[in-house]
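Take a walk through this fold, one element at a time. Keep the 3D view open and turn it as you read.

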Amino acid sequence: MTNLKIKEIIGSSNAILRSSGLSLYDVISNEIKSNNKLVVDFSEIENLTSGFCNASFGRLAMEIENFRDLIILENIGNNIFEEKINNSLRHSQFHNTTNFKTTDKAILDLFN
């Protein structure tokens with residue numbers, strides 16, 4: 001079983017950007033191709049957006065039929081985070097990414 005710490009993958013305690021979600025998606029997707037079970041660790045994540053969840057977990061759930069069997073989410077520790085993740089899994093629709101850079105910039109501006 002492979003352990004992935006979100007903070008180490010995205011380089012931040014803020015999982016707020018769609019582009020960061022896509023980075024996490026890439027890492028998880030590559031691990032899944034090896035048929036490895038994964039633990040995705042949310043420890044030290046302070047902020048989480050729906051855009052991040054949709055770009056990572058929502059997309060993965062749409063592409064991988066047994067997503068919940070292969071990926072274990074740990075240390076979420078926040079009901080709001082859990083709700084955002086579950087929403088992305090329930091509504092696993094990967095939206096058009098052509099405008100994600102503009103959206104990411106707007107989100108960054110709010111946090112800076």
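**Helices and sheet**

Start with two helices. Helix 2 covers residues 18-33, and helix 3 covers residues 50-63. Their axes come within 6 Å and cross at roughly 30°. Angles under 35 degrees count as roughly parallel. Helix 2 and helix 3 are therefore roughly parallel to each other. Their crossing is right-handed. Bear in mind that this model is predicted.

Which residues of helix 2 and helix 3 make the contact? On the helix 2 side they are Arg18, Ser20, Gly21, Leu22, Leu24, Tyr25, Ile28 and Ser29. Helix 3 contributes Gly51, Phe52, Asn54, Ala55, Ser56, Phe57, Arg59, Leu60 and Glu63. Sort the residues of this contact by class, and you get 8 nonpolar, 6 polar and 3 charged.

Now find the sheet. It is open and has 3 strands, in the order 1-3-5. The strands pair in parallel. Which strands lie at the edges? They are strand 1 (2-5) and strand 5 (71-74), and each of them pairs on one side only. From one strand to the next, the twist averages 20°.

Look closer at one pair. Strand 3 spans residues 38-41, and 4 bridges join it to strand 5. These two strands run parallel. To see one of the pairings, find leucine 38: its bridge partner in strand 5 is isoleucine 71.

Next, bring helix and sheet together. Helix 2 packs on the sheet. There it touches strand 1, strand 3 and strand 5. The direction of helix 2 makes about 165° with that of strand 3. So helix 2 takes part in two contacts described here: one with helix 3, and one with the sheet.

Return to helix 3 and look for another partner, helix 5. Helix 5 covers residues 79-90. The axes of helix 3 and helix 5 come within 8 Å and cross at roughly 45°. That angle makes helix 3 oblique to helix 5. This crossing, too, is right-handed.

What meets what between helix 3 and helix 5? From helix 3 come Ser50, Cys53, Asn54, Phe57, Gly58 and Ala61. From helix 5 come Lys84, Ile85, Ser88 and Leu89. The residues of this contact divide into 5 nonpolar, 4 polar and 1 charged. Asn54 and Phe57 of helix 3 appear here, and they also appear in the contact with helix 2.

Technical notes
Residues are numbered from 1 along each chain as its sequence is written. This is a predicted model: local features need pLDDT of at least 70, side-chain atom pairs count only at pLDDT 80 or more; totals for chains, interfaces and linings use all residues. Side-chain values use heavy atoms; hydrogens and water are left out. Axes are lines fitted to C-alpha atoms, for helices over the stretch in contact, and angles run from 0 to 180 degrees between N-to-C directions. Helices (H or I, at least four residues) and strands (E, at least two) are DSSP runs, numbered from the N terminus. Angles under 35 degrees count as roughly parallel, over 145 as roughly antiparallel, 65 to 115 as roughly perpendicular and the rest as oblique. A crossing is left-handed if the near helix is turned anticlockwise from the far one by less than a right angle, and right-handed if clockwise. Contact means heavy atoms within 4.5 Å. Ala, Val, Leu, Ile, Met, Phe, Trp, Tyr, Cys and Pro count as nonpolar, Asp, Glu, Lys and Arg as charged, and the others, Gly among them, as polar. Two strands pair if DSSP finds at least two bridges between them.
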